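Got your viewer open? Load the model and keep the selection box handy.

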Amino acid sequence: MHQITFFPVGNGDTSLIEADLTVLTDINYRVAAQDDNQDDVFDIGEPIKKACKTQDGYQLDVFVNTHPDKDHVSGFSDLFHTGSPSRWDTKSDKILAKEIWVTSYTANLANPTDQAKPFIDEVKRRKELSGSEADKDGNILKIISSEDGQSSGELNENLSWLALAPNTDEVEAAEDDGGERNNSSLVIRWTYNGTKTSKIMLAGDAEYQVWERLNEESCDEDLEWHILLSPHHCSRTPFSFKNENGDYENSDSAWDALTHIQGKGFIVASSKPIKDDDDNPPHYEAKNRYIQLLNDNGTNGKTRFFNPETHSNKDKAEPVAFKLGDDGAKRSVAPVISTKSKGAASTTTQYGK
């Protein structure tokens, strides 16, 4: 089955595309998180391994990291093999990531968080390789930019991609002391090619400045989506900014960039449960605005907006999956391995502003 699955990982991102290959975008594997507040959470490791299982061990075709905040890279070394692929055993319970995709900001990061360090160390190891060694599965590193020949491509006949951000200015701004690191996020639009195409927008934590630029510089077609992962865990910050009084003001330009919905459309919020309170993100106001966007598109927005932490009938954490096929993206009700794991932290992430 070809599909995309959004896993319940609290205020973090982990999404898996399966289309005759496997592409995982970000990881917030909380089993090994360091925190005193232990709680039961959905164990994403087993369903990801199941999708990556081959005759030659667990292998992921591409791991994409939008940016190295810890809620997007936590637990990487607990799930994935790190170091030379020559030291990876096909009988290992660790997954071999054949390729890793990052931005130049991530590739050059000097002071990662403790949670991000194992991933950054692996990126640096791969970056130092050259020649035939750099082309081996388990060593491949691609530095993706929206401004050069690495801005788009095809993985197979089913799946193509387009990088919309970051640009050079956004990377350089994130590298400055006190810079907006969220705006170094890789904004990548995937297209599943069937009789009807399905377009999937994944954007990490990209904030309103990025979306304002995209609204000005990108053609409408490049911003189209059938499935949107609401940026920055359903925060208001991708389409709003704080004024001098500390109150949020909406950016019409940024919002316009986010609203290129195609067909009936789906929106997923990868966040903790969304409540009408001040513990943000997620923002209750953002949820309502996304639902209204779906309503304005002629659908019942409440039935097409999903939060993996609460969407199940029992209000429990459960992956949200969409079938990808010739008829376009359809909500999947196929069961995903629903394992629980003790020892995961509920407050491990770095949310940004």
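Here is a walk through the chain, stop by stop.

**Whole chain**

Start with everything selected, and keep in mind that this is a predicted model. In cartoon view, the secondary structure comes to 10 helices and 20 strands. Colour by burial next: of the 353 residues, 57% count as buried. Switch on the surface and you are looking at about 15,200 Å² of accessible area, with 39% of it belonging to carbon and sulfur atoms. What about contacts along the sequence? Take those between residues at least 6 apart, and 68% of them join residues at least 24 apart.

**Strands β1, β18 and β19**

Now select residues 320–325, which is strand β18. This one is mostly covered, with 5 of its 6 residues buried. Add residues 3–6 to the selection: that's strand β1, running antiparallel to β18 and joined to it by 4 bridges. Then add residues 328–332 for strand β19, also antiparallel to β18 and joined to it by 5 bridges. Trace the backbone from β18 to β19 and you'll go round a hairpin, with 2 residues making the connection.

Which residue of β18 is the bridge partner of Ile4? Click on Phe322. Phe322 also has a bridge partner in β19, namely Arg331. Show Ile4 and Phe322 together to see the β1 link, then bring in Arg331 for the β19 link.

**Ser15**

Next stop: select Ser15, in strand β2 (residues 15–18). Buried or exposed? Its relative accessible area is 3%, so Ser15 is buried. To see what surrounds it, leave aside residues up to four places away in sequence and show its contacts: Thr5, Phe6, Val23, Leu24, Thr25, Asp26 and Leu202.

**Salt bridges**

Time to hunt for charged pairs. Side chains of opposite charge can pair when their charged atoms come close. The count here comes to 12 salt bridges, and we'll visit a few of them.

Select Lys98 and Asp61, whose closest N and O atoms are 3.3 Å apart in a salt bridge. Lys98 is in strand β7 (residues 96–102) and Asp61 in strand β6 (residues 57–64), so this pair ties together parts that are 37 residues apart in sequence. With the surface on, check Asp61: its relative accessibility is 21%, so it counts as partly exposed, given that buried means under 20%.

Move on to helix α4, residues 117–127. Display the side chains of Glu122 and Arg126, which meet in a salt bridge at 2.8 Å, N to O. Why are they about one helical turn apart? Because Glu122 and Arg126 are 4 residues apart in that helix. Both Glu122 and Arg126 are buried. Add Arg125 to the display as well, since Glu122, Arg125 and Arg126 are linked in a network of salt bridges.

Last stop: select Glu133 and Lys136. They form a salt bridge, with the closest N and O atoms 2.5 Å apart. How covered is each partner? Glu133 has a relative accessibility of 33%, so it counts as partly exposed. Lys136 is partly exposed too, with a relative accessible area of 41%. Flip back to Glu122 and Arg126 for the contrast, as both of those are buried.

Note on methods:
Residues are numbered from 1 along each chain as its sequence is written. This is a predicted model: local features need pLDDT of at least 70, side-chain atom pairs count only at pLDDT 80 or more; totals for chains, interfaces and linings use all residues. Side-chain values use heavy atoms; hydrogens and water are left out. Buried means under 20% relative accessible area, exposed over 50%, partly exposed in between (1.4 Å probe, protein chains only). Contact means heavy atoms within 4.5 Å. Two strands pair if DSSP finds at least two bridges between them. Accessible areas come from the Shrake-Rupley method with a 1.4 Å probe; for residues, only the protein chains shown count as cover. A salt bridge is a side-chain nitrogen of Lys or Arg within 4 Å of a carboxyl oxygen of Asp or Glu.
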